[in-house]
Amino acid sequence: MLNRVVLVGRLTRDPDLRYTPNGVAVANFTIAVNRPFSNNQGDRDADFINCVVWRRAAENLANFMNKGSLVGVDGRLQSRSFDNQEGKRVFVTEVVADSVQFLESKGGSSQGGGGQQGFQPNQNQQPGNYNNNNNNNNNNNEDPFADKGEPIDISDDDLPF
């Protein structure tokens, strides 16, 4: 059996950081994930997905990301239920995140971009050994950022996925 969820989307509000009575950090957040197709009006709809993350990752999310930030979530889907104040049974389905990747720097969403945060594997290292340099040991002198971040014109039919 497999229960794995991988999402990329933008925070719909600032993460809600709280602590359990035992002092364990927990953050609740919602991300907007665009659907891969357009509706009848030619617009892309989005799904709003509730997520929860625990411990240090929760504190990092709350401290470094805010509404509009682009994040990647890797986790599992979980359903639970409880009785609300009126005594009515409420069912909740949410993603319990194992990790949350920051896909742009703080404030990057308001500036229209930003770099991916995190560690990149060095091509010459063994799996599991990571450092924070992005040397890919190419000897070509082509500038990979020559387009200055401008969109490229590519058909959906040309994409391999």
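Ala 27 stands opposite Val 53 in strand E4, and this pairing belongs to a set of 10 bridges that join strand E3 to strand E4 (residues 44–54), the two running antiparallel. Strands are DSSP runs of type E with at least two residues, helices are DSSP runs of type H or I with at least four, and both are numbered from the N terminus; two strands are said to pair if DSSP finds at least two bridges between them. The structure is a predicted model, in which local features need a pLDDT of at least 70 and side-chain atom pairs count only at pLDDT 80 or more, while totals for chains, interfaces and linings use all residues. Residues are numbered from 1 along each chain as its sequence is written, and side-chain values use heavy atoms, with hydrogens and water left out.

## Overall build

The protein has 1 helix and 6 strands, and from the N terminus on these elements follow the order β-β-β-β-α-β-β. Of its 161 residues, 24% are buried, where buried means under 20% relative accessible area, exposed means over 50%, and partly exposed lies in between (1.4 Å probe, protein chains only). The protein exposes about 12,100 Å², and carbon and sulfur atoms supply 46% of that area; such areas come from the Shrake-Rupley method with a 1.4 Å probe, and for residues only the protein chains shown count as cover. A contact means heavy atoms within 4.5 Å, and among contacts between residues at least 6 apart in sequence, 50% join residues at least 24 apart.

## Strand E3 and its partners

Strand E3 takes part in several pairings besides the one with E4. Strand E1 (residues 5–11) is joined to E3 by 2 bridges, and these strands run antiparallel; here Arg 10 has Ala 32 in E3 as its bridge partner. Strand E2 (residues 16–19) also pairs with E3 in the antiparallel sense, over 4 bridges, and Asp 16 is matched with Asn 28 of E3. E2 and E3 form a hairpin with 5 residues between them, and Gly 23 in its turn has a positive phi of about 85 degrees. In the hairpin of E3 and E4, which has 5 residues between the strands, Gly 42 takes a positive phi near 85 degrees.

Is Thr 30, a residue of strand E3 (residues 25–38), buried or exposed? Thr 30 is buried, because its relative accessible area is 8%. Its side chain is joined to that of Arg 13 by a polar contact of 3.4 Å, a term for a pair of N or O atoms within 3.5 Å; within protein, one must be able to donate a hydrogen and the other to accept it, and residues adjacent in sequence count only if both atoms are side-chain atoms. Leaving aside residues up to four places away in sequence, Thr 30 touches several others, including Leu 11, Phe 48 and Ile 49.

## Charged side chains

A search of the whole structure finds 7 salt bridges, each being a side-chain nitrogen of Lys or Arg within 4 Å of a carboxyl oxygen of Asp or Glu. Among them are the three in this table.

| Pair | Closest N to O distance |
|---|---|
| Arg 4 and Asp 98 | 2.7 Å |
| Glu 59 and Arg 56 | 3.3 Å |
| Arg 80 and Glu 94 | 2.9 Å |

Arg 4 lies in the segment before E1 and Asp 98 in strand E6, so their salt bridge ties together parts that are 94 residues apart in sequence. Glu 59 and Arg 56 are separated by about one helical turn, because they are 3 residues apart in helix H1; Glu 59 is buried at 19% relative accessibility, whereas Arg 56 is exposed at 55%. Arg 80 in strand E5 (residues 70–83) and Glu 94 in strand E6 are 14 residues apart. Glu 94 is buried, with a relative accessible area of 8%, while Arg 80 is partly exposed at 38%.

## An aromatic pair

The structure holds 1 aromatic pair, formed by Phe 64 and Phe 102, whose rings are tilted, 6.5 Å centre to centre and with 50 degrees between the planes. Rings of Phe, Tyr and Trp (its six-membered ring) pair if their centres lie within 6.5 Å; planes under 30 degrees apart count as stacked, over 60 as edge-to-face and the rest as tilted. Phe 64 lies in helix H1 (residues 55–64) and Phe 102 in strand E6 (residues 89–102), so the pair ties together parts 38 residues apart in sequence. Phe 64 is partly exposed at 42% relative accessible area, whereas Phe 102 is buried at 15%.
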